[in-house]
Structures are given as C-alpha cells and as structure tokens.
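Got your viewer open? Let's take a short walk through this model, selecting a few residues at each stop.

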Amino acid sequence: MENLSNISTIREIMDRFGFQFSKSLGQNFLINPGICPKIAEMGGAAADTGVLEIGTGFGVLTHELAKRAKRVVAVELDSRLLPVLEYTLSEHKNVKIINQDILKVDLKKLIETEFTGMDVYVCANLPYYITSPVIMALLEKRLSIKAVTVMVQKEAATRLCAKLPSRDCGAVTVAVRYYSEPKLLFSVSRGSFMPAPNVDSAVIRLDIKKDKPLSGEAEQRLFTVVKGAFSQRRKTLCNTISSSLNLSKEQVARALKDVNLKETARAEELSLDDFIRFSARLYQTTEEGI
Ligand code: SAM
C-alpha cells in the first residue's frame with residue numbers, strides 16, 4: 001500500500017483497526033515521505049538482497065524495502081499490528097512478519113534459514129528504548145550481515161558514530177568501531193514522526209567488518225577494559241581500571257607506559273588500537289604477576 005506516510009491514511013488505518021499508539025513500545029511512525037525510500041536505498045535493499053527489518057509499525061518502511069529487495073523478514077513485537085500489516089502489505093509476496101521481541105530472536109538461525117544465499121542487510125526505524133541492546137546484539141553475535149542502517153535518536157547517533165579518540169565517544173563507540181565502519185547518513189527532524197517525539201533523530205549505517213581485530217578471550221578482555229575505562233570517564237585509567245579490574249595503580253601505570261600511553265590518560269584519549277594494545281599488555285602484566 002502506498003501513502004503509508006500520509007497522516008490521513010494513518011488515521012484511517014487507526015480507525016479501521018481501532019489502533020492506538022503505544023508509548024512504551026516506542027511507536028513513533030514516519031510521516032515524512034522522503035525518509036523510507038532513502039533508508040531502503042542507502043541501506044542496501046536491492047533485487048538480490050535480503051533485508052531484516054526491526055519494528056514495522058504500519059509497514060511504511062517494510063513497503064519500500066519489499067519494493068526493492070528479494071526478501072524482507074520483519075520482526076514486530078506488537079501483535080495488534082498483525083492484521084494491519086496483512087492489509088497494508090497484501091501486495092508483497094516477499095515479506096514475512098515474525099511476531100516476536102527482537103531481543104529474544106535467535107538471529108543467527110533466522111538469517112541462516114530465511115536468507116539462504118543472499119547478502120543480508122538490516123534496516124530499521126528502531127524503537128528508541130532498545131537502541132543499544134539491539135545494535136550490540138547485531139554486532140556481537142557475528143552475524144552474517146553486510147550492514148546495519150538504522151534510525152536512532154540524534155544523541156545516540158553522535159555517540160555511535162563518534163571518532164576515536166574524541167570527547168563524544170563512549171564504550172559503545174569502541175564496540176561500534178571494533179565491529180564496523182560507522183557513518184552518519186542524515187538527520188531527521190522530530191516533526192517527521194507521528195506522534196512527534198521530544199528529540200530529533202538521525203540515520204546511521206554501520207558497515208560490518210569482515211575481519212575483527214581479535215577473537216575469543218582477547219576480545220572479552222578488551223571489552224572488560226573498555227567498560228571499566230568508561231565507567232567514570234572523567235577519571236584517569238589508573239583510577240578506573242585499578243578499581244574495576246582489582247589491580248594496583250602501579251600495575252595499570254606500568255601497562256600504560258609499556259604501550260606508550262601517558263600515566264594520566266583518560267578513556268576518551270585512546271584510539272581503538274590503543275585500547276587493544278593496552279588491554280593485551282594489562283592482562284600480560286597481571287598474569288606475569290608484575
Ligand atoms: N517502521 C515503522 C516506522 O518507521 O514508522 C515503525 C517504527 S517505530 C519507531 C518502532 C516499532 O518497533 C514499533 O512498531 C514497535 O511496535 C516495534 N517494537 C518495539 N519494541 C520491539 C521489540 N522489542 N521487538 C520488535 N519490535 C519492537
């Protein structure tokens with residue numbers, strides 16, 4: 001169905017199905033007709049690709065994805081939307097809706113079984129209350145996906161796509177840079193949604209790296225250090241890491257010095273490579289009992 005971003009169409013559907021928006025499910029639907037075609041095009045939906053969508057609403061983005069992609073699988077938690085989607089997406093035979101919580105779906109299995117032989121892209125106007133867990137799940141599970149293109153709150157977009165090192169970065173920035181090449185695509189004003197949220201948004205694209213810098217225990221250690229480092233971002237690493245990893249300040253200072261970092265360094269002053277070298281040296285130091 002065309003015109004799903006049209007306010008009168010949305011009102012008509014609400015009346016027909018007795019639907020009311022749920023704030024707790026982050027239901028702010030897109031009413032700016034320019035946005036969904038852009039997300040679909042820039043997100044990788046094409047004749048030979050598969051797209052996983054998270055959160056369909058009335059299907060405004062699903063429709064644009066289905067027009068372009070070979071197959072679309074959309075995970076939507078709100079079962080009240082199932083009859084609506086049957087109506088709005090009836091023309092598309094390449095769409096499957098899965099009525100589940102995205103955070104409880106076995107994504108690896110879903111991608112293997114639903115998109116055999118296809119390059120897979122994730123596209124979504126994410127429910128904001130689960131932005132971080134969804135993005136982290138998509139990255140950490142090492143799924144066979146090419147890119148993640150999602151609408152998120154503007155502040156989240158800034159943090160997710162921040163450079164390393166920079167004042168805008170956080171633990172999630174390091175994770176994003178570790179697993180992907182992030183890019184801020186474009187901003188979207190709050191007036192582009194119904195109902196309008198209190199903040200502006202932005203669409204970002206994370207191109208998943210084929211080869212990750214580390215694996216197994218070294219990777220786990222890296223993220224333990226990153227988490228500890230940003231737990232109190234204004235403090236020096238000597239302070240944050242010694243308390244989060246239960247080490248002496250001397251041990252931390254020694255590891256910093258060994259990888260050519262200042263003893264007074266703070267988390268926001270390290271690059272991804274600095275974090276990798278620092279965490280490796282830190283664990284080596286502790287294992288050697290220095
Ligand atoms: N794609 C539509 C659009 O752009 O207008 C709707 C986007 S709306 C911001 C987020 C959608 O995610 C809603 O349809 C909501 O019901 C759904 N949702 C919320 N929590 C979810 C979850 N845990 N798993 C799957 N879908 C969820």
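**First stop: a helix pair.** Keep in mind that this is a predicted model. Helices α8 and α9 are roughly antiparallel to each other, because their angle of about 150 degrees falls over the 145 cut-off. To find them, select residues 171-179 for α8 and residues 216-230 for α9; their axes are 9 Å apart.

Now show the side chains where the two helices meet. On α8, pick Ala171, Val174, Ala175, Tyr178 and Tyr179. On α9, pick Glu219, Leu222, Phe223, Val226 and Phe230. What classes of residue make up this contact? Colour by class and you will find 9 nonpolar, no polar and 1 charged.

**Next stop: the largest pocket.** Select Val120, Leu143, Ser144, Ile145 and Lys146, which lie nearest the centre of the largest pocket. The pocket holds about 360 Å³ of space, and 17 residues line it. Then add α5 (107-114) and β5 (119-125), each of which supplies at least two lining residues. The largest share, 3 residues, comes from α5. By class, the lining of the largest pocket divides into 7 nonpolar, 2 polar and 8 charged residues.

**Last stop: the second largest pocket.** Where should you centre the view? Select Lys23, Gly26, Gln27, Asn28 and Pro197, the residues nearest the middle of the second largest pocket. About 310 Å³ of space lies here, with a lining of 14 residues. Colour that lining by class and you get 7 nonpolar, 6 polar and 1 charged.

Terms used
Residues numbered from 1 in each chain as written. Predicted model: local features only at pLDDT ≥ 70, side-chain atom pairs only at ≥ 80, totals over all residues. Heavy atoms only, no water. Axes fitted to C-alpha atoms, helices over the stretch in contact; angles between N-to-C directions. Helix = DSSP H or I, 4+ residues; strand = E, 2+ residues; numbered from the N terminus. Parallel < 35°, antiparallel > 145°, perpendicular 65-115°, else oblique. Contact = heavy atoms within 4.5 Å. Nonpolar A, V, L, I, M, F, W, Y, C, P; charged D, E, K, R; others polar. 1 Å grid on protein atoms, 1.4 Å probe; cavity = no way out; pocket = protein on both sides within 12 Å on 5 of 7 lines; lining within 4 Å. Points joined across faces, edges and corners; volume = space filled by probe spheres on them.
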